[in-house]
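User: I'd like to learn how to read a model like this one, feature by feature. Can you walk me through it?

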Amino acid sequence: MKLQPTASHFIDGAYVEDKAGAPIQVIYPATGEIMATVHAATPDLIEKAIVAGKRAQKEWAKLTGTERGRVLRRAADIIRDRNHELSVLETYDTGKPLQETLVADATSGADALEYFGGLAGSLTGEHIPMGEDWVYTVREPLGLCVGIGAWNYPTQIACWKAAPALACGNAMIFKPSETTPLCALKVAEILIEAGAPAGLFNVLQGMGEVGGALVTDPRVDKVSLTGSVPTGKKVYAAAAADMKHVTMELGGKSPLIIFDDADIESAVSGAINANFYSSGQVCSNGTRVFVQKGIKEAFLARLAERLKGAVMGDPQDEKVNFGPMVSERQMDIVLGYIEKGKAEGARIVSGGNQVECAGFFIEPTVFADVQDDMIIAQEEIFGPVMAVLDFEEEADVIARANDTEFGLAAGVFTRDLSRGHRVVGALEAGSCFINSYNDAPVEAPFGGVKASGVGRENSKEAIQHYSQVKSVYVRMGDCEAAF
Ligand code: NAD
């Protein structure tokens with residue numbers, strides 16, 4: 001199977017190649033095979049994309065919101081019609097099981113395009129009476145936005161950034177992760193087919209240098225990054241030099257707190273969703289699982305039993321529900337953390353090994369008896385490794401859950417709903433769950449507090465981050481002055 005795209009980049013409405021850029025191999029994580037090669041964008045192509053984006057944005061912003069929204073909603077329909085083909089590509093790009101990608105990637109991208117397409121016509125300002133005078137406000141686009149993606153959700157990330165940006169009248173240059181460069185090209189193709197003007201949504205491949213060149217260009221007005229905290233700090237600082245707007249969707253080490261009155265079966269499902277979906281490569285994962293002492297052993301026993309249901313194999317086979325790590329590098333990082341957990345004295349309840357095969361598979365791994373100061377309880381692992389910690393008191397677990405630089409997500413399982421609300425009220429996290437984990441509907445804001453990010457994606461909140469307000473004071477009488 002070869003997946004070579006027509007060309008590496010999509011600029012000003014068309015595929016563009018320049019082999020002078022450094023080659024980037026696209027590897028199928030399930031087999032280690034090279035499926036395609038793309039090239040990093042050269043300075044010349046970066047320039048072309050910026051010029052095209054600036055030009056397209058001016059014309060696009062002149063359309064009515066309803067006209068812009070129609071294009072986005074058409075793109076959503078095309079994505080849904082092509083869901084199977086796009087999901088197969090997503091699975092080759094990331095290694096995530098087709099069983100997942102069929103329902104979580106292109107479909108989630110389509111939801112964002114449909115939702116923001118629907119909102120585009122209602123982006124209005126306010127009328128503020130000032131006696132006989134008045135002020136009106138106008139919600140205006142920011143201009144040219146840059147989107148930079150991580151590798152775990154290449155279609156979804158491209159659409160979650162493009163949809164609100166375009167709905168508000170901006171243009172976008174999207175740089176996918178160098179690990180998963182293929183899916184965003186399809187989003188660009190589909191937007192053109194849906195009627196978007198050439199240059200409105202451009203895709204440039206490359207490593208951090210290409211991202212850096214875009215972030216520091218003075219013609220760029222906004223940067224939205226999905227990535228790790230160290231990258232976020234660099235990109236935020238670079239964007240600040242020109243006072244650019246930013247959205248930062250970064251990493252986490254989120255707590256999932258299971259009280260002893262929780263339904264154990266449901267809590268085990270929550271913990272599995274919070275740690276093993278996409279083989280653990282999800283930013284909002286609840287990887288510090290605090291279990292109240294009364295149900296600890298019952299919880300661990302049932303969890304180990306349920307993990308026997310993980311089916312590994314070729315992720316293109318719909319029976320497979322657990323895929324490989326995205327890359328050999330990521331596999332090595334995660335295996336390194338598993339070794340650290342063993343060395344620190346945490347107890348392996350399940351898994352703990354690389355799977356003998358050509359792909360980058362690691363068994364779903366659970367450590368129990370984890371202590372707060374262990375590395376596996378403090379650092380984001382971004383793989384299928386759950387750390388189970390014990391607790392006795394509510395106040396104590398809240399303090400421990402919050403004792404981290406991160407604040408992306410948090411979850412609570414309890415049958416006592418007053419406690420559920422009280423505890424999430426005290427947790428320092430942007431997205432919280434009660435008796436559930438990792439739901440991310442487009443209607444709800446998504447994003448982190450503390451080092452996990454700035455701004456929100458999805459929902460009406462995202463509009464604030466892709467537009468700005470102009471206020472206009474209108475004096476009805478004569479203008480007076482002191483002299
Ligand atoms: P990463 O930080 O290594 O890279 C992210 C992107 O930034 C890539 O496209 C990379 O090329 C680019 N980049 C790197 N250095 C840059 C620079 N100096 N200037 C501009 N761009 C630069 O992250 P990753 O390994 O691809 O993804 C995993 C991380 O992403 C994890 O920490 C995970 O938690 C996070 N993540 C967050 C969310 C969220 O919504 N909060 C979603 C998915 C992933």
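User: Let's start with V366. Is V366 buried or exposed?

Analyst: The general idea is a cut-off: a residue counts as buried when its relative accessible area is under 20%. V366 has a relative accessible area of 1%, so V366 is buried. Keep in mind that this is a predicted model. As for where to look, V366 belongs to strand β15, residues 365-368.

User: And how far is V366 from I348 in space?

Analyst: Here you set the spacing along the chain beside the spacing in space. V366 and I348 are 18 residues apart along the chain, and their C-alpha atoms are separated by 6.0 Å.

User: What about the other end of the scale? Is P23 buried or exposed?

Analyst: The cut-off for exposed is over 50% relative accessible area. P23 comes in at 58%, so P23 is exposed. You'll find P23 in strand β3, which covers residues 23-27. In sequence P23 and Q205 are 182 residues apart, while C-alpha to C-alpha they are 10.0 Å apart in space.

User: Which strand holds P129, and is P129 buried or exposed?

Analyst: P129 is part of strand β5, residues 127-130. Its relative accessibility is 58%, so P129 counts as exposed. For the distance reading, take Y473 as the partner: 344 residues along the chain separate P129 from Y473, with 9.9 Å between the C-alpha atoms.

User: How far apart in space are C168 and A267?

Analyst: C-alpha to C-alpha, C168 and A267 are 40 Å apart in space, and in sequence they are 99 residues apart. C168 itself is in the loop between α6 (154-167) and β8 (171-175). With a relative accessible area of 5%, C168 is buried.

User: Now side chains. How should I read S452, and is S452 buried or exposed?

Analyst: Read the location, the accessibility and then the polar partners. S452 lies in the loop between β18 (431-434) and β19 (453-454). Its relative accessibility is 0%, so S452 counts as buried. On the polar side, a polar atom of the S452 side chain lies 2.7 Å from the backbone oxygen of G251. The side chain of S452 also reaches the backbone nitrogen of L408, at 3.2 Å.

User: Which backbone atom lies 3.0 Å from a polar atom of the side chain of T404?

Analyst: That's the backbone nitrogen of F406. T404 is in the loop between α14 (394-402) and β17 (409-413). At 18% relative accessibility T404 counts as buried, because the cut-off is under 20%.

User: Let's turn to the backbone. What is notable about the phi of F382?

Analyst: Look at the sign of phi, and check whether the residue is a glycine. F382 is not a glycine, yet its phi is positive, about 60°. F382 sits in the loop between α13 (375-378) and β16 (385-391). Its relative accessibility is 16%, so F382 counts as buried.

User: And where does N458 lie?

Analyst: N458 is in the loop between β19 and α16 (461-465). Here too you have a residue other than glycine with a positive phi, near 65°. N458 has a relative accessible area of 0%, so N458 is buried.

User: Finally, the ligand. How many residues surround the ligand?

Analyst: Begin with the shell, then go to individual atoms. The ligand is surrounded by 27 residues, and the closest are G149, E178, S228, T231 and E380. By type, the shell divides into 12 nonpolar, 11 polar and 4 charged residues.

User: Which pocket does the ligand sit in?

Analyst: The largest pocket. The elements that give two or more residues to the shell are α8 (208-215), β10 (222-226) and α9 (229-240). The largest share, 3 residues, comes from α8.

User: And what lies 2.7 Å from an oxygen atom of the ligand?

Analyst: An N or O atom in the side chain of S228. A polar side-chain atom of K175 lies 3.0 Å from a ligand oxygen, and a polar backbone atom of G227 is 3.2 Å from a ligand oxygen. Then look at the surface: the ligand taken alone exposes 850 Å², and the protein buries 87% of that.

Definitions and conventions
Residues numbered from 1 in each chain as written. Predicted model: local features only at pLDDT ≥ 70, side-chain atom pairs only at ≥ 80, totals over all residues. Heavy atoms only, no water. Near = heavy atom within 4 Å. Polar contact = N/O pair within 3.5 Å; in protein donor to acceptor, adjacent residues only side chain to side chain. Areas by Shrake-Rupley, 256 points an atom, 1.4 Å probe, with all protein chains shown as cover. 1 Å grid on protein atoms, 1.4 Å probe; cavity = no way out; pocket = protein on both sides within 12 Å on 5 of 7 lines; lining within 4 Å. Sits in = over half its atoms within 2 Å of the grid points. Helix = DSSP H or I, 4+ residues; strand = E, 2+ residues; numbered from the N terminus. Nonpolar A, V, L, I, M, F, W, Y, C, P; charged D, E, K, R; others polar. Buried < 20%, exposed > 50% of the residue type's maximum accessible area, 1.4 Å probe, protein only.
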